[in-house]
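Visitor: Got a minute to walk me through this one? I'd like to start broad and then poke at a few details.

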Amino acid sequence: MKEYTTEFLRNVALVSHGGAGKTMLTEAFLHVTGATTRLGKIEDGTTVSDYDDEEIRRKISIYTSVVPVEYRDHKINVLDAPGYSDFVGEAISALSIADGAIILVDSVAGMEVGTEIAWRHVDEFKLPRFVVINKLDRENANFEKAYESVEAFAHASDERLVKAQLPIGEKHNFKGVVDLVSMKAYMADGKTIADIPADMKEAAEKAHFALVEAAAEGDDALLEKYLETGSLSDEELTRGLKDVIHSGAYIPVFCAAGGRLIGALALLNDIVDLLLPPSERVAQGKDGEEKLSTSDTGPFAAYVWKTTADPFVGKMTYFRLFSGSIQGEARLWNQNKGMEERMSGLHIQRGKEQIIVKTIHAGDIAAVSKLTVTATGDTFCDKTHPLTISAPKYPAALYRVAVTPKSQADAAKISPTLTRLCDEDNILSWQNDSITHETILQGMGDQHIDVALHRAQAKFQVGFVTHEPKVPYREGITRKASGQYRHKKQSGGSGQFGEVHLRIEPYHEGDFEFADELVGMNLSKSYLPPIEKGIKATMEHGAFAGYPMSNVKVIVYDGKEHEVDSKPMAFEIAGREAFKLAVNDAGPVLFEPIMSVRVVVPDAYMGDVMGDLNTRRGRVQGTEAERGSTVVVAHVPMAEMLRYTTQLRSMTGGRGYFTMELDHYDTVPVHITGPIIEAHKKELEAKKEEQGGL
Ligand SMILES: Nc1nc2c(ncn2[C@@H]2O[C@H](COP(=O)(O)OP(=O)(O)OP(=O)(O)O)[C@@H](O)[C@H]2O)c(=O)[nH]1
Ligand SMILES: [Mg+2]
């Protein structure tokens, strides 16, 4: 592959609602520019971009692929991101290293939930954008209707659209596109350029006029010339458009059917002509922020946006060079880790194909293999000129599942496998829950988790089973009570004897307090430690429902011992049993975690969401307005939020989202406590049976 310097590079991310045709459009780009001899198909799993086994199996994109497209002496790095909401982390990563975005809109569905979400993310990164109304060859395609749906959405946030192309025909009759800049028609795959069809001339003139007017807003000189002469030259029109697109004053709209190659070549021309080469970035330097101007002579700064670990291919590190240039055999200083990495070879990735390159120039995206310490989010720089580029913000993973090994053989591999899976994913995380003793994996939704576990099986040969996670309840008491227990076993030989009298009371200064009020000679103090040990063990595993108990003070005030038969073990048991008896009389309760939940939904769904929160024992704390959306803040028990990710999605057609964090613990209502204790009893019995059966 040729070497491309900054000026000849374009980094564009394709984003949309799932299935709007991003991967096929990428495929079309490759095909019309001669990089492939055959046009791959999603249905056959033969596209360049969706090459991962899971992508082929599911027929959707799961990871962002960088696909370099060489055209007119330029290299366009197309970042083909997934559209499904579970994989939004990949779309965020793609946008974080792009200089422009192309938002695809399905010509039948028009604006969809995923389009809105993608649009908002593009806003966050303040990227100039194109809109492409795609799949115009579809049965019910309707360009004008789809355009209107996008326009209505854009208007709501004071953004303006302008048509840069018009479709020639529609549905099975979709034949090509009229380019309103050059006023030419790109027929079929775009290699034939023709005059605008006679019956479209008038509409094209009108649309051209609107485009010229938009471009004239670019700068004062253009506006003046336009007002004087009523027209602009092609060069002026392009220059003006570039300006208004980059300032965000206008969003140009294009037409395509990537699956049929239509519009692909015309769109590539516009990417080269109307989008800018890699732009400047801000990095953290030694003395605060530094602006990097994306040039080979600038200080070296490369940001790692993705890493993958594959047992067959090894570790792969993907980076975008923000400033400086780099060659294959360099040493890389990893600023975040404070360590040097040795590079052997530099390549760019085109789907699964690796293309070795010698030099990479500022602004480009490339990859190296077999680095050791580098992780996603790290910055490489010159050791003497430290720079770090901050990672984008990813949404929190709120969909939790408990995982267990499928077989005994998998048990030892659980932790390293989960760690590897999470290293490769910016959102996925795992931990051991100290209360429920479960291994918890959390992601964006069931598909996200499912893909990760399939990957564990396929790549690391480790099988997992998932369960609904337990709620980390806690046991507690509400009043004082006392208990006595005598443990006595005399069956020949030496026996066991221990008797403990104790009192318990709620305790708020800490989790546990142990004291004695022993007087006289009934019980030696040396038996207090085993008594405490027995009680602590019970508190850890629960006295009545199987959950840890806390906030209890225990006072041992009397007991009995036997000269020969008393042993520490006997007091451990007596202490435990006396404690359980006392708990039974002390108004035992369960405490549950209460989450502080923030739900953001379009106003229209507020009523439904509030009603639903009520059925979840939620207490609404307040509501706020936020850009056409309502934010509901509520306290809701964690037990009621286990599957809220999916339920909120279906309640709001995917438009709602939420965040939550632990707020406090509160008493579980009595009618709910019963079933929890029952469930615990059953579990104990099942365990006993299992052990008995061995
Ligand atoms: N009729 C028609 N179908 C298309 C076109 N482009 C893609 N498709 C089909 O639409 C479906 C989705 O296409 P993809 O290219 O995978 O869409 P995507 O946006 O990459 O999807 P995700 O990455 O999963 O979000 C597939 O069945 C394609 O064959 C097109 O131009 N016309
Ligand atoms: Mg795709």
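Guide: Sure. This is a predicted model, and a good place to start is how the chain contacts are spread: among contacts with a separation of 6 or more, 72% come from residues 24 or more positions apart.

Visitor: How many helices and strands does the chain have?

Guide: There are 17 helices and 36 strands in the chain.

Visitor: And what box do the C-alpha atoms fill?

Guide: Roughly 110 × 60 × 55 Å, taken along the principal axes.

Visitor: What percentage of the residues count as buried?

Guide: Of the 694 residues in the chain, 44% count as buried.

Visitor: Let's zoom in on a helix. Which residues of α11 are buried?

Guide: α11 covers residues 414-423, and its buried residues are Thr-417, Leu-418, Arg-420 and Leu-421. Looking down the axis of α11, those buried residues fall within an arc of 160°, so they line one face of the helix.

Visitor: Why would residues three or four places apart point the same way?

Guide: An α-helix has 3.6 residues a turn, so residues with that spacing point the same way.

Visitor: OK, and what's on the face of α11 turned away from the buried side?

Guide: That face carries Ser-415, Pro-416 and Thr-419, which are exposed.

Visitor: What do the buried residues of α11 pack against?

Guide: Three strands and a helix: β14 (301-310), β25 (429-432) and β26 (439-443), plus α12 (446-460).

Visitor: Stay with α12 for a second. At what angle do the axes of α11 and α12 cross?

Guide: They cross at roughly 115°, and the axes come within 11 Å. The crossing of α11 and α12 is right-handed.

Visitor: Which residues meet there?

Guide: From α11 you have Thr-417, Arg-420 and Leu-421, and from α12 there are Ala-452, Arg-455, Ala-456 and Phe-460. By class, this contact of α11 with α12 has four nonpolar, one polar and two charged residues. Thr-417, Arg-420 and Leu-421 are also among the buried residues of α11.

Visitor: While we're on α12, is His-454 buried or partly exposed?

Guide: His-454, which is found in α12, counts as partly exposed because it has 15 C-beta neighbours inside 10 Å. Between His-454 and Phe-464 the C-alpha to C-alpha distance is 8.8 Å, with their positions 10 residues apart in sequence.

Visitor: New topic: other helix pairs. How do α13 and α14 cross?

Guide: α13 (residues 528-541) and α14 (residues 568-585) have axes that come within 7 Å and cross at roughly 50°. The two helices are therefore oblique to each other. α13 passes α14 in a right-handed crossing.

Visitor: Which residues make that contact?

Guide: On α13 they are Pro-530, Ile-531, Lys-533, Gly-534, Ile-535, Ala-537 and Thr-538. On α14 they are Pro-568, Phe-571, Glu-572, Ile-573, Gly-575, Arg-576, Phe-579 and Lys-580. The residues in this contact of α13 with α14 divide into eight nonpolar, three polar and four charged.

Visitor: And α3 with α4, what's the angle there?

Guide: Roughly 35°, with the axes of α3 (residues 88-96) and α4 (residues 113-124) coming within 10 Å. The α3 and α4 crossing is right-handed. Ala-91, Ile-92 and Leu-95 of α3 make the contact with Ala-118, His-121 and Val-122 of α4. Its classes are five nonpolar, one polar and no charged residues.

Visitor: Switching to backbone angles. What's phi at Lys-59?

Guide: Phi of Lys-59 is near 60°, a positive value in a residue other than glycine. Most residues other than glycine have a negative phi. Lys-59 is found in the loop between α2 (53-58) and β2 (65-71), and it counts as partly exposed, with 15 C-beta neighbours inside 10 Å.

Visitor: What about Arg-617, what's its phi?

Guide: Arg-617 has a positive phi of about 60° and is not a glycine. Its place is in the loop between α15 (606-615) and β34 (619-626). Arg-617 is partly exposed, with 17 other C-beta atoms within 10 Å.

Visitor: Last one: Asp-106, buried or exposed?

Guide: Buried, because Asp-106 has 23 C-beta neighbours inside 10 Å and the cut-off is 20 or more. Asp-106 lies in strand β4 (residues 100-106).

Visitor: Which residues does Asp-106 touch?

Guide: Leaving aside residues up to four places away in sequence, Asp-106 touches His-17, Ala-20, Glu-112, Asn-134 and Lys-135. Asp-106 and Ala-141 are 8.3 Å apart in space, C-alpha to C-alpha, and 35 residues apart in sequence.

Methods:
Residues are numbered from 1 along each chain as its sequence is written. Chains are lettered from A and ligands numbered from 1 in the order in which they are written. This is a predicted model: local features need pLDDT of at least 70, side-chain atom pairs count only at pLDDT 80 or more; totals for chains, interfaces and linings use all residues. A residue is buried if 20 or more other C-beta atoms lie within 10 Å of its own, exposed if 12 or fewer, and partly exposed in between; C-beta atoms are placed from the backbone. Helices (H or I, at least four residues) and strands (E, at least two) are DSSP runs, numbered from the N terminus. The arc is that of the directions from the helix axis to the C-beta atoms. Two residues are in contact if their C-beta atoms, placed from the backbone, lie within 7 Å. Axes are lines fitted to C-alpha atoms, for helices over the stretch in contact, and angles run from 0 to 180 degrees between N-to-C directions. Angles under 35 degrees count as roughly parallel, over 145 as roughly antiparallel, 65 to 115 as roughly perpendicular and the rest as oblique. A crossing is left-handed if the near helix is turned anticlockwise from the far one by less than a right angle, and right-handed if clockwise. Ala, Val, Leu, Ile, Met, Phe, Trp, Tyr, Cys and Pro count as nonpolar, Asp, Glu, Lys and Arg as charged, and the others, Gly among them, as polar.
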